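Colleague: Could you take a close look at one part of this model for me, the place where the domains meet? I'd like the whole picture in one go.

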Amino acid sequence: TFGEIMLRLKPPHWEKFFQSPLLEATFGGGEANVAVGLARFGVNVAYVSVIPDNSIGDACIGELRRQGIDTSLIIRKGDRLGIYFLEAGANQRPSKIIYDRSHSAIAEAKPGDINWDKVFDGASWFHISGITPAISLSASELSLEAVRKAREKGITVSCDLNFRKKLWKYGKSAPQVMTELVKYVDIALGNEEDCQKSLGVKVDVDIESGRLQTERYRELTDKVLNLYPDIKKIAITLRESHSANHNG
């Protein structure tokens, strides 16, 4: 898996920011979470990223290793690890996330910084998400370099489309980048918002109501597969939001 892992700072339990003077420090990232899940199922998995060569980077890599993940392909360079602040939602109060990830090590990484021939030696599957290409222009170019090399080597590529509105700030829209990237994707994952806002596929689905419109999902997936014939399979995640901390 390839992506950004960040330092996560969160108030205890469901407290608001600085309701108490405490912040719990952990590490997290979408692609790293996939790696952890695979490792717990006994799959041999390596995590690829760019992490600064400092004490925080050491702690981050140590946590990945404790989860049974191969970290030997991580590049140590850059000045900082990205940070995000999480205020967990409760009842009708939504969760709140504040990103502090500009100029992070992976945001500054560029094509050529990672030896993909080495990364893909012996690999059978490569996973990426729509988060990494949203971080910066150079990270989007690095992501595209990765999937092209994986396709060249005949490796299965999966992509969680994962639209993050707060991240697309460097001058390109999500569809401008993701429609090119998915040309090299075999298996796509996402929800109705990801498909519509990352790929520009328009279907009459209300993404704000929190209610499922299951009859629309076949139409949505058919449109994606017709527009992007290189995608062999697509999985749509279904979730109803009953409250900020209760999903069904």
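Modeller: Sure. This is a predicted model, and its protein chain splits into domain 1, residues 1-108, and domain 2, residues 110-247. Taken over C-alpha atoms, the centres of domain 1 and domain 2 lie 20 Å apart. On the domain 1 side, 24 residues are in contact with 25 residues of domain 2.

As for how big that is, the size of an interface is often quoted as the accessible area lost when the parts come together. Here the area buried between domain 1 and domain 2 comes to about 1,900 Å², and carbon and sulfur atoms give 63% of that.

Now the polar side of things. The rule picks out one salt bridge across the interface of domain 1 and domain 2. Look for the side chains of Lys77 and Asp113, which meet in a salt bridge at 3.4 Å, N to O; that sits inside the 4 Å cut-off used for such a pair. Seven residue pairs are also found in polar contact across the interface of domain 1 and domain 2, both partners being at pLDDT 80 or more.

If you colour up the side of domain 1 that touches domain 2, start with α1 (30-40), β6 (96-100) and α3 (105-108), since each supplies at least two residues there. Of the elements on that side, α3 gives the most, with three residues. Sorted by class, the side of domain 1 that touches domain 2 holds 13 nonpolar, five polar and six charged residues.

How values were computed:
Residues numbered from 1 in each chain as written. Predicted model: local features only at pLDDT ≥ 70, side-chain atom pairs only at ≥ 80, totals over all residues. Heavy atoms only, no water. Domains from an automatic or database assignment. Contact = heavy atoms within 4.5 Å. Buried area = accessible area lost by both parts, 1.4 Å probe. Polar contact = N/O pair within 3.5 Å; in protein donor to acceptor, adjacent residues only side chain to side chain. Helix = DSSP H or I, 4+ residues; strand = E, 2+ residues; numbered from the N terminus. Nonpolar A, V, L, I, M, F, W, Y, C, P; charged D, E, K, R; others polar.
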